[in-house]
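Reader: I'd like to learn how to read a ligand site and some aromatic contacts. Could you walk me through them?

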Amino acid sequence: AVVHEPASAATAPNYTDITANSSVNSVAQFTRNTSQERWNHSIFDISWGKLENYQMLDKLGDGSYSEVFLGINKLDNESCVVKILQPVAMRRVKREIKILQELSGGPNIVSLIDVVRDNRNKTPSLVFEYVNNTNHKTLYPQLNDFDVRYYILNLLKALSFSHSKGIMHRDIKPYNVMIDHHNRKLRLIDWGLADFYDENRAYGTGVGSRYWRAPELLVGYDGYDYSADLWSVGCMLAGMVFQREPFFRGKHDDVDQLLTIARVLGTEGLFKYLHEYDIELDEAFDHVKGWYQTERWASFVTPQNRHLVSEDVIDLIGKLLRYNHKVSASTKQVVIEHTIQVDLTRKRIDRRLRKL
Ligand SMILES: Brc1nc2nc[nH]c2c(Br)c1Br
């Protein structure tokens, strides 16, 4: 489908490769044009493709507000994925399409192939490229140390691209990171909860999926930014490295989820963070008694996960899993990417040297 965009649409800055000496304030410069402006420009009309061009096969899963099926594109017999959206507000559908369009072609961003509508019930569907994903509960235990760094680096590439376009994903979790391990291909999917960041805007904190939600979301701090995505990456990395999925498994609500985090990061840092941002914990937290010390990451090493642990991966986990991410996320991403890339390069060199 071609999406007609009024010429006056606010144009996003072109994406300079983050590993270049990028102007780290590209995100800051970008957020000056508020997301409201960008949003107004995107009330666009969609020229719908034809649902009958796609043969639906088995169901793959459920998205944030959708059902997802394996499909065949009848025009070229290619596999694809058809995401049938529930008849929610068209505004959200348009936001997801707008975001997928803005991010199209970006590193490891799932490609939107078509936007179709069922002429009978008018429900819209999004057609994506197919990824031969292996369920993470099966795949992650098979990954070695290098695989974990490789996939986390590629997830961070997708996120630093999205953030440089002023877009937060807001639902990072293993279920939204498709990995075709045979082809070493990673795609970040389900941008249904994504939104444009605007430093002057307050955001809903009910987004994301509990085990991967950042502390600022759990305490209802509505001034969060891109760094909420980085917390979720930290949860994924810790889960992959320590072979504990999910890494923070709260029992039944946000209070318990925050306590689960505090049992690892300690309560001292939590209360310091809450005080710094003048965040009142609602009365649900009143029963939070007791005081937790900060655990050392080394305490999570076991004979089963030792082969995945190294001091620089532990260091990276420590950088991502922090109560307070107010250091500019884009800068942090540059640091993180460089750290991993330097490390990947070093490993490659080591491997070559060993072969000599
Ligand atoms: Br988009 C998209 N969503 C999915 N949900 C389950 N598997 C999925 C795949 Br593969 C893709 Br591609």
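Reader: Which pocket does the ligand take up?

Author: The ligand occupies the largest pocket. A pocket is an open set of points on a 1 Å grid over the protein atoms alone, with protein on both sides within 12 Å along at least five of seven lines; a molecule sits there if more than half of its atoms lie within 2 Å of its grid points. This is a predicted model, where local features need pLDDT of at least 70, side-chain atom pairs count only at pLDDT 80 or more, and totals for chains, interfaces and linings use all residues. Residues are numbered from 1 along each chain as its sequence is written, and side-chain values use heavy atoms, with hydrogens and water left out.

Reader: Which residues surround the ligand?

Author: L60, V68, V81, F128, E129, V131, M178 and I189 do (a heavy atom within 4 Å). On its own the ligand exposes 340 Å², and the protein buries 89% of that (Shrake-Rupley, 1.4 Å probe).

Reader: And how do I read an aromatic pair?

Author: A pair of aromatic rings is described by the distance of the centres and the angle of the planes. Rings of Phe, Tyr and Trp (its six-membered ring) pair if their centres lie within 6.5 Å; planes under 30 degrees apart are stacked, over 60 edge-to-face, the rest tilted. That rule gives 17 aromatic pairs here.

Reader: Why is the pair of Y221 and Y277 tilted?

Author: Their planes sit at 55°, with the centres 5.6 Å apart, so the pair counts as tilted.

Definitions and conventions
1 Å grid on protein atoms, 1.4 Å probe; cavity = no way out; pocket = protein on both sides within 12 Å on 5 of 7 lines; lining within 4 Å.
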